[in-house]
Amino acid sequence: MYNFPRTIKNIGLYPIVHNIKWILRLIKVGVKIIQLRIKNKPIKKIKYIIYKAINICKFYKVKLFINDYWELAIEYKSYGVHLGQEDLLSSDLLYLCNSGLRIGISTHNYSEVNTAITLNPSYIALGHIFKTSTKKMSSTPQGIYKLREHVNNIHNTIPTVAIGGINIKNVNSVLSTGVNGISVISSITKSSNWKDDTLNLFKIVNSKLIKV
């Protein structure tokens, strides 16, 4: 079993964004943990964005997870890295563990959750909970019932994050399962009033979770 460093137990609101502009916006409204997910850009541009994002987040004392690009996350000394199931096969997990970075792992079903547990990551992402347009998914939405089962199965030994189709209307039902964090993308980045929606989600999530 690996021994990845833990992140904070109650992660809270955990937005996923695709550029530095969004990182700066979220920092200004008080978000303390963010994931940077960059797709379909030249590697030179990706390196620049990741380097700059990591340094910005260090300056503002914000915990930044880099999606996929674990080698760059190590090189530029990010707080952590997030890997999908397919990334686990191509990543050097022992090297990652020895680097001291936190690691989050995506899961979509019981088998993947059990695999993630054996890897002892910093957190486990459970999704997708509801239908989402952000990413084309081969799996079906898990819903609240399965989410609660996953959380109970993990027994609070590893922090959990729910992701997929979560918004202001359904966030309370998600929080009722006992998850430690709520990850959102389009409910913020595609909102016509992103600032108010972020602050409202932030308020609801923080009121349900006691920070430890």
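**Notes on a predicted eight-stranded barrel**

Ala162 stands opposite Ile182 in strand 8. That pair is a handy place to start reading this model, which is a predicted one. Here are my points, in the order I would walk through them with you.

1. **The seam between strands 7 and 8.** Strand 7 covers residues 160–163 and strand 8 covers residues 181–184; the two run parallel and are joined by three bridges. Beside the Ala162 and Ile182 pair, you will also find Val161 facing Gly181 of strand 8. On the other side of the discussion, strand 7 pairs with strand 6 as well, again in the parallel sense, this time over four bridges. In that pairing Gly127 is set opposite Ile163 of strand 7.

2. **The barrel as a whole.** How do the strands close up? Eight of them form a barrel in the order 1-2-3-4-5-6-7-8, with parallel pairing. On average, neighbouring strands of this sheet are turned by 25° against each other, direction ignored. Two helices that pack on the sheet deserve a look. Helix 6 (residues 110–119) touches strand 5 (102–107) and strand 6 (123–127), and its direction makes about 165° with that of strand 5. Helix 10 (residues 194–208) touches strand 1 (12–17) and strand 8, and its direction makes about 145° with that of strand 1.

3. **Helix 1 and its two ends.** The buried residues here are Ile20, Trp22, Ile23, Leu26 and Ile27. Viewed down the axis of helix 1, they fall within an arc of 160°, so they line one face of the helix. Their packing partners are strand 1, strand 2, helix 2, strand 3, helix 9 (186–189) and helix 10. At the N-terminal end Asn19 acts as a cap, with a side-chain oxygen 3.3 Å from the backbone nitrogen of Lys21. After the helix comes Gly30, which has a positive phi near 100°.

4. **Helix 2: length and buried face.** Does the geometry run long, short or as expected for residues 43–59? At 1.5 Å a residue, the 17 residues of helix 2 should span 24 Å, and the end C-alpha atoms are indeed 24 Å apart, so the two agree. Buried in this helix are Ile46, Ile49, Ile50, Ala53, Ile54, Ile56 and Cys57. Seen down the axis of helix 2, these buried residues fall within an arc of 165°, so they too line one face. Their cover includes helix 1 (20–28), strand 2 (33–36), strand 3 (63–67) and helix 3 (70–75). Turned away from the buried side is a face that carries the exposed residues Lys44 and Phe59.

5. **Lys61, just past helix 2.** Is this residue buried or exposed? Lys61 has a relative accessible area of 70%, over the 50% cut-off, so it counts as exposed. Its place is the loop between helix 2 and strand 3. Phi of Lys61 is positive, about 60°, although the residue is not a glycine. Such a value is worth a second glance, because most residues other than glycine have a negative phi. The C-alpha atom of Lys61 is separated by 22 Å from that of Trp194, a residue 133 places away along the chain.

6. **Asn156, another positive phi.** Asn156 is a residue other than glycine whose phi is positive, near 65°. You will find Asn156 in the loop between helix 7 and strand 7. With a relative accessible area of 43%, Asn156 is partly exposed.

7. **A cis peptide after strand 6.** Gly127 and His128 are joined by a cis peptide bond, with omega about -20°. His128 sits in the loop between strand 6 and helix 7 (143–154). Do check this spot by eye, since most peptide bonds are trans.

8. **Asn120 and its surroundings.** Where does this residue lie? Asn120 is in the loop between helix 6 and strand 6. Its relative accessible area is 12%, under the 20% cut-off, so Asn120 is buried. Leaving out residues up to four places away in sequence, Asn120 touches Met1, Tyr2, Asn3, Phe4, Arg6 and Ile158. With Arg6 there is also a polar contact between the side chains, at 2.8 Å.

Note on methods
Residues numbered from 1 in each chain as written. Predicted model: local features only at pLDDT ≥ 70, side-chain atom pairs only at ≥ 80, totals over all residues. Heavy atoms only, no water. Pairing = 2+ DSSP bridges. Axes fitted to C-alpha atoms, helices over the stretch in contact; angles between N-to-C directions. Contact = heavy atoms within 4.5 Å. Expected span 1.5 Å × (residues − 1). Buried < 20%, exposed > 50% of the residue type's maximum accessible area, 1.4 Å probe, protein only. Arc of directions from axis to C-beta. Polar contact = N/O pair within 3.5 Å; in protein donor to acceptor, adjacent residues only side chain to side chain.
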